[in-house]
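Here is a brief report on one protein model. It goes through cores, helices, a pocket and some backbone details.

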Amino acid sequence: MDYSARASDATYALESTACGELGLSAKEIVQLVVRVHEGILEQIDAADLQKLSDQQKLHYAREVLARILDQDKLFISSAVRQQIAEEAVAEISGYGPIQPLLDDPTVTEIMVNGPDHLYTERNGRISIENRAFLDNSHVMRIIERIVLPLGRRIDESNPLVDARLPDGSRVNAIIPPLAVDGPTLTVRKFARMPLGIEALVDFGTLTPWMAKFLDACVKAKLNILISGGTGSGKTTTLNALSSFIPHDERIITIEDAAELQLQQEHVVRLESRPSSPEGRGEVAIRQLVRNSLRMRPDRIIVGEVRGGEALDMLQAMNTGHEGSMCTVHSNSPRDGIARLETMVLMAGMDLPSKAIREQIASAMDIVVHQARLRDGSRKITQVSEIQGMEGDVVLLQDIFLYEQRGVESNGKTIGEHKPTGLRPQCVKRFASEGIELPVDMFRVPSVGGR
């Protein structure tokens with residue numbers, strides 16, 4: 001866009017003056033931000049610029065902005081000036097228009113659908129932001145700024161990439177020709193301090209009784225599968241459950257992108273590596289699972305099982321590596337078991353279905369299923385125990401359920417967690433480990449609650 005031509009146009013000058021009184025549009029703000037950025041680079045070499053503190057960069061940004069506003073005869077409030085200067089600094093050393101959203105603790109997901117459509121998720125609800133990129137090239141610059149420090153490349157020959165930000169936030173980028181409407185960027189943020197089990201209880205994700213039961217499961221070294229849909233909070237729950245692991249145990253975590261934030265000291269974090277553009281150097285999750293068995297683990301935690309590594313994980317659980325945990329995408333505990341079976345077949349082993357199910361029934365003890373409800377809240381909707389096989393079927397017994405009763409006028413879900421009244425078989429395991437749980441924990445509450 002020819003800024004000087006627009007600035008000399010009388011009509012545009014009048015419109016800009018009005019914008020100064022009423023507030024600039026997102027597109028006009030980003031245009032000014034880019035101009036300030038370019039103006040700073042005309043004064044200072046890019047290498048020298050990176051050596052300056054943010055306060056020094058902000059000083060230069062204010063000076064350049066003042067000159068631009070003077071030149072274009074634009075009048076904007078001091079608050080908008082400050083916003084533009086800060087965003088110019090984000091353009092230099094941050095991630096441009098999405099940097100304020102990355103800094104906002106209430107934002108859990110950022111979705112860039114091209115330069116003019118930027119969405120965020122807050123409290124489980126998606127809304128459009130009054131922010132914009134200048135054009136597709138601007139979006140591409142930010143994507144490259146994210147992936148290049150990680151040794152990744154994104155271009156027409158390699159048009160999609162998974163990466164992570166320094167704070168652990170998960171990033172996915174996909175560009176043309178695969179993304180028809182322009183570069184698309186998705187960032188899933190994680191809390192700088194992981195949510196503990198107390199916070200999940202406060203949020204209503206589970207009850208204190210359920211937390212106490214899962215605490216016992218972890219300490220008794222039961223193998224736990226956390227299932228759920230995308231964005232249901234599986235990783236958050238896995239983080240919370242991992243806090244129950246004793247601090248004197250050696251934990252090995254295996255992930256595609258390192259997201260888990262375990263608080264124990266003796267943790268070894270492993271991360272898979274995609275192949276290079278030349279098709280070399282890939283290290284898959286399955287290789288890391290196999291390698292972890294040679295690292296003397298007390299616990300193995302796989303961030304997400306999505307392929308042939310399911311077989312190696314089950315074999316590890318069946319050969320003395322108890323107390324392991326992993327997550328899987330599914331719509332119910334039963335679907336989670338079925339998905340594990342399918343992923344074992346992906347390992348290339350020609351095993352009969354019954355043999356695979358026997359492996360699953362022998363290895364897994366507890367399935368924790370989590371869902372994101374219509375109001376955006378995350379709930380553990382089922383805690384189920386695997387009780388062996390009956391014929392060709394893996395037996396699942398629900399221990400706790402979330403019973404949804406309706407929806408309030410404001411869209412909030414009405415429901416409560418309840419025990420099913422059935423005493424799980426694993427209570428015997430708890431007793432052998434010296435863990436005692438109240439008998440009332442598994443009783444169905446009488447009318448009026450307990």
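## Cores, helices and local geometry

Phe 213 touches ten residues when those up to four places away in sequence are left out: Ile 366, Val 383, Ile 399, Phe 400, Pro 424, Cys 426, Phe 430, Leu 437, Met 441 and Phe 442. The model is a predicted one.

A second, separate core has 32 residues, among them Ile 252, Val 289, Ala 310 and Val 394.

Phe 213 also belongs to the largest nonpolar core, which has 37 residues. Phe 213, Ile 224, Leu 241, Ile 366 and Phe 430 have the most contacts inside that core. Helices and strands both feed it. Each of α9 (197-203), α10 (208-219), α11 (234-242) and α16 (427-432) supplies at least two residues. So does each of the strands β7 (224-228), β12 (366-372), β13 (378-390) and β14 (393-407). The largest share comes from α10, with 7 residues.

**Two covered helices.** Helix α3 spans residues 26-43 and has 18 residues. From its first C-alpha to its last, α3 reaches 26 Å, close to the 26 Å expected at 1.5 Å a residue. Most of α3 is covered, with 13 of its 18 residues buried.

Helix α13 (residues 309-317) is largely enclosed by the rest of the structure, because 8 of its 9 residues are buried. The buried residues are Glu 309, Ala 310, Leu 311, Asp 312, Met 313, Leu 314, Ala 316 and Met 317. They pack against three helices, α12 (285-292), α14 (333-345) and α15 (353-363), and against the strands β10 (299-302) and β11 (325-329). Ala 310 of α13 is also part of the second core.

**A pocket.** The second largest pocket has a volume of about 260 Å³. Its lining counts 14 residues, and Glu 86, Val 89, Ala 90, Gln 99 and Asp 103 are the closest to its centre. Which helices supply at least two residues each of this lining? They are α5 (54-72), α6 (78-93) and α7 (99-103). The most comes from α6, with 6 residues. By type, the lining divides into 4 nonpolar, 5 polar and 5 charged residues.

**Backbone details.** Pro 176 and Pro 177 are joined by a cis peptide bond, with omega about 10 degrees. Pro 177 sits in the loop between β5 (170-174) and β6 (184-188). Two residues that are not glycines have a positive phi, as tabulated here.

| Residue | Phi | Loop | Relative accessibility |
|---|---|---|---|
| Lys 221 | about 65 degrees | between α10 and β7 | 23% |
| Arg 296 | about 55 degrees | between α12 and β10 | 57% |

Are these residues buried or exposed? Lys 221 counts as partly exposed, because its relative accessibility is 23%. Arg 296 counts as exposed, because its relative accessibility is 57%.

**Met 389.** Met 389 is found in strand β13. With a relative accessible area of 25%, Met 389 is partly exposed. Its contacts beyond four places in sequence are Lys 354, Arg 357, Glu 358, Ala 361, Val 394 and Leu 395. Met 389 and Ala 361 are 28 residues apart along the chain, and their C-alpha atoms are separated by 6.6 Å. One of the contacts of Met 389, Val 394, is included in the second core.

How values were computed:
Residues numbered from 1 in each chain as written. Predicted model: local features only at pLDDT ≥ 70, side-chain atom pairs only at ≥ 80, totals over all residues. Heavy atoms only, no water. Core = buried A, V, L, I, M, F, W, Y, C linked by side-chain atoms within 4.5 Å. Buried < 20%, exposed > 50% of the residue type's maximum accessible area, 1.4 Å probe, protein only. Helix = DSSP H or I, 4+ residues; strand = E, 2+ residues; numbered from the N terminus. Contact = heavy atoms within 4.5 Å. 1 Å grid on protein atoms, 1.4 Å probe; cavity = no way out; pocket = protein on both sides within 12 Å on 5 of 7 lines; lining within 4 Å. Points joined across faces, edges and corners; volume = space filled by probe spheres on them. Nonpolar A, V, L, I, M, F, W, Y, C, P; charged D, E, K, R; others polar. Expected span 1.5 Å × (residues − 1).
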